[in-house]
Amino acid sequence: MRDTLMAANVGTMRSQLQSRRAAISEEIWKENHMRTGSKKLAMLLSDQQSRKHVELEAKYSESKIQHLQAELSRINSNLQAYQSQSAVMTQVPLIPMAFKTTSKVSFTSAFSEVAQRHYHVDPASIHEAIQEFQDLRDSIVTVSKNSTGLDLLCNYYKQLNIVSKRFLDKRLKHGVAFPWFDAISGTLASQQSAIYEKAAVLFNVSSLYTQIAAQQDRSTREGLDVAICNLQKAIGCLEYMKDKFSHSPTKDMSSEMLNLFADLMKAQSHELSMWETEILAGLQTDIVSSIGYAEKTKRVVCEQVDEVSMKGYLPACWVAIIKIKDAHFRGLSHYYAALVHLMLSDMFRQGGHISEAVRTEMHFMYTDTNKELFSEDVKDHNGFALSHLDSACIQSEYATKYDRLCKDLEPLKPLHQLLTVTDELNQIKRQEMANIESNAVCPSSIQPAAVDLNPPPPDFSTVRTHDGFKALGPLPSFSAENSWTVPRTVVLRKGKSGFGFSLKGSHPVSFFDIEEAGPAKASGLQRDDWLLSVNGQDTRYMNHAEVVTLVKCCKDEIKLEGSPFKQHFWNDPPKDIYRFCNTTPSYVVIQSLTISPDPPQKNAVLTISFAITTSMELTGGVVSVKAYLGTIPVYSGSLNLCSLAKHANMTCPIQPGGYSSTIKTFIPKAAPSGHYSGSAVAVDQNRQMIGCIDLSFSL
């Protein structure tokens with residue numbers, strides 16, 4: 001009961017720390033904006049008194065930012081909340097990675113626009129899917145620091161892969177920005193990039209693995225194995241991030257920091273694998289095992305934290321723990337090396353000899369193997385033991401000094417107890433050797449063990465997700481990286497040789513062969529156009545055989561919905577001076593449009609050639625035209641569609657079929673220079689949009 005209450009209290013503490021970290025990050029972001037705005041305003045003010053007042057506001061914001069960052073550093077230094085409450089005296093605290101915080105993001109407006117403008121579907125058809133993804137994104141803002149939170153992050157990461165293919169291509173200019181705060185400094189960076197969002201989520205997956213590892217009761221074999229497994233998974237995620245994500249806008253995900261985090265987790269994994277595993281198994285007392293253990297003892301790499309770029313960035317508590325571990329494990333390696341030489345000394349005193357196995361182990365144990373190491377002189381080995389014990393005492397003093405200097409480590413009582421006991425063991429053994437005869441020798445450097453961890457790369461294959469946006473069409477064809485025009489509906493009457501087309505492919509099928517004189521050609525259908533529906537039945541998810549069967553069931557007439565593939569994106573800068581802006585399907589399709597010269601020029605004839613097809617009769621309509629010179633309106637009015645048709649050698653009513661024409665007009669030399677823009681929107685006799693063109697050029 002007591003353990004359950006303690007675990008609940010620690011879980012609450014972790015939640016409170018995470019909530020406070022998120023609040024501090026938000027405050028730092030606001031104060032940064034205030035400081036930047038105050039500095040810019042001060043530069044614009046001419047009044048000296050007002051400028052001083054604004055500069056004072058900027059200094060206040062700067063002071064508040066420093067105060068908030070100091071508080072954030074204290075939160076990051078609170079290692080006690082992440083350690084096992086049943087930690088025994090032999091367990092050195094693990095350093096878990098800090099968690100990145102984020103704010104909520106709204107997808108409804110952006111995804112609805114993409115659905116309408118890019119996929120040409122009613123946004124209402126994906127409203128529930130958008131809301132489901134919205135709820136999933138909101139849930140990762142605050143996640144529980146356990147396997148449930150890990151499952152939530154992994155689920156969102158995998159779902160993000162699907163959504164990014166649907167909506168988050170940079171060419172769509174979706175406008176969705178992902179805000180993430182630096183895990184250590186609290187600095188905000190926001191980008192419209194799915195890659196950035198994936199990297200931040202994967203960073204938090206790594207962090208959560210390390211926090212779960214730190215929470216384990218490492219006094220049991222099961223808890224130790226779980227801790228090692230989670231640390232290795234974190235390493236795998238970090239290594240994956242180093243390879244796949246670069247140019248991070250925040251320092252916590254820079255290559256430098258990812259290397260540091262990965263090396264730190266490798267060191268801690270080695271620490272658990274070699275040191276605590278031996279403690280659980282019980283230290284061996286035979287010579288070969290002792291030599292092997294001394295060779296395995298791990299020193300924690302700490303040179304990286306002393307680099308200039310890290311100073312003032314990493315929490316002081318982290319730096320202190322790293323230095324303590326470095327000194328502590330160096331001292332342990334010397335202590336057990338001393339025990340090895342004392343056992344060798346006892347063996348030689350009893351007339352024994354160095355075996356070949358011991359000789360081999362000693363070659364692995366030391367970086368330099370001088371001849372005295374293999375001497376069978378008792379005094380030589382007593383000298384080695386004494387020098388190693390001296391080195392162990394010095395390293396123990398270093399570890400204790402770093403522990404005392406960092407006030408944030410005061411709550412970590414198991415750490416203080418461990419360092420105290422280690423120092424006492426060194427001193428006791430040193431006193432035991434006070435009167436032993438020995439030769440003065442220098443201790444050889446102990447070689448760190450080469451460890452092959454083989455961390456697993458992140459694996460989300462067991463995470464079950466579904467594509468909630470199937471109403472947009474099957475992936476990968478109907479995705480953000482592909483584009484197509486507004487679908488159009490045509491009605492074909494069977495001719496002598498059928499409907500005049502053949503099909504290919506699946507999901508969706510597309511037109512393969514269009515007969516030159518067939519009904520399909522006359523309606524404007526072209527090779528490689530997608531076939532989206534037959535007689536109102538959706539065929540996007542059907543295979544080739546299913547669609548062919550559906551077409552063969554049509555006797556005299558068939559209603560098809562098709563769309564040309566690989567057109568320009570709806571919000572791309574136009575490659576020509578025009579772009580189509582239809583938002584709804586139309587039975588009138590502009591097959592080609594050329595303007596010469598492109599762009600138009602003064603004192604020259606402007607030639608416009610076009611070809612259109614219509615699958616229904618057109619008896620009238622209106623064309624609304626707007627034109628601007630810069631931001632100044634130069635024309636706004638409505639023109640009769642049939643009157644315009646006469647200029648193109650067409651007469652109303654316009655019958656179904658294909659038409660082409662050329663219109664010429666002269667641009668005078670006196671035309672005003674500048675940038676011209678405008679639009680022309682055509683509707684038919686029923687007020688249904690049949691065409692839309694945006695224009696943009698300069699004279």
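**Leu-344**

I began with Leu-344 and found it in helix α10, which covers residues 316-349. I am working from a predicted model. I asked whether Leu-344 is buried or exposed. Its relative accessible area is 0%, so I put it down as buried. I then took the C-alpha to C-alpha distance from Leu-344 to Ala-385, which is 9.9 Å, with their positions 41 residues apart in sequence.

**Whole chain**

I counted 16 helices and 17 strands in the chain. Of its 699 residues, 48% are buried. I looked at contacts between residues at least 6 apart in sequence, and 73% of these join residues at least 24 apart. The exposed area of the chain comes to about 33800 Å², with 53% supplied by carbon and sulfur atoms.

**Sheet β1-β2-β3**

I traced an open sheet of three strands in the order β1-β2-β3, with antiparallel pairing. The edges are β1 (101-102) and β3 (188-191), and each of them pairs on one side only. Strand β2, residues 178-181, is joined to β3 by four bridges. I looked up one of the residue pairs: Trp-180 has Ala-189 in β3 as its bridge partner.

**Strand β4**

I followed the side chains along β4, residues 488-493, and they alternate. Which residues point to the buried face? Arg-488, Val-490 and Leu-492 do, while Thr-489, Val-491 and Arg-493 point to the other face and are not buried. This fits the general rule that side chains in a regular strand alternate between the two faces of the sheet. I also noted that β4 pairs with β9 (residues 557-563) in the antiparallel sense, over six bridges. Thr-489 has Glu-561 in β9 as its bridge partner.

**Sheet β11-β12-β15**

I traced another open sheet with three strands, in the order β11-β12-β15 and with antiparallel pairing. Strands β11 (588-596) and β15 (657-667) each have a single partner strand, so one side of each lacks a neighbour in the sheet. Ignoring direction, neighbouring strands here are turned by 15° against each other on average. I found eight bridges in the antiparallel pairing of β11 with β12, residues 604-614. Ser-592 has Ala-611 in β12 as its bridge partner.

**Nonpolar patch**

I looked up a nonpolar surface patch of about 410 Å². Its residues are Ile-632, Val-634, Tyr-635, Leu-639 and Leu-644. Strand β14, residues 632-640, gives the most to the patch, with four residues. Leu-644 sits in helix α16, residues 641-647. I have Leu-644 down as partly exposed, because its relative accessibility is 33%.

**Backbone exceptions**

I kept in mind that most residues other than glycine have a negative phi, and that most peptide bonds are trans.

I noted a cis peptide bond between His-507 and Pro-508, with omega about 0°. Pro-508 is in the loop between β5 (501-504) and β6 (510-514). I noted another cis peptide bond between Cys-652 and Pro-653, with omega about -5°. Pro-653 is in the loop between α16 and β15.

For positive phi I looked up Asn-535, with a value near 50°. Asn-535 lies in the loop between β7 (530-534) and β8 (537-538). Its relative accessibility is 44%, so Asn-535 counts as partly exposed. Arg-687 also has a positive phi, about 65°. The loop between β16 (675-684) and β17 (689-698) holds Arg-687. With a relative accessible area of 60%, Arg-687 is exposed.

Methods
Residues numbered from 1 in each chain as written. Predicted model: local features only at pLDDT ≥ 70, side-chain atom pairs only at ≥ 80, totals over all residues. Heavy atoms only, no water. Pairing = 2+ DSSP bridges. Helix = DSSP H or I, 4+ residues; strand = E, 2+ residues; numbered from the N terminus. Axes fitted to C-alpha atoms, helices over the stretch in contact; angles between N-to-C directions. Buried < 20%, exposed > 50% of the residue type's maximum accessible area, 1.4 Å probe, protein only. Contact = heavy atoms within 4.5 Å. Areas by Shrake-Rupley, 256 points an atom, 1.4 Å probe, with all protein chains shown as cover. Patch = residues over 30% accessible without salt bridge, like charges linked within 9 Å, V, L, I, M, F, W, Y side chains within 5 Å. Salt bridge = Lys/Arg side-chain N within 4 Å of Asp/Glu carboxyl O.
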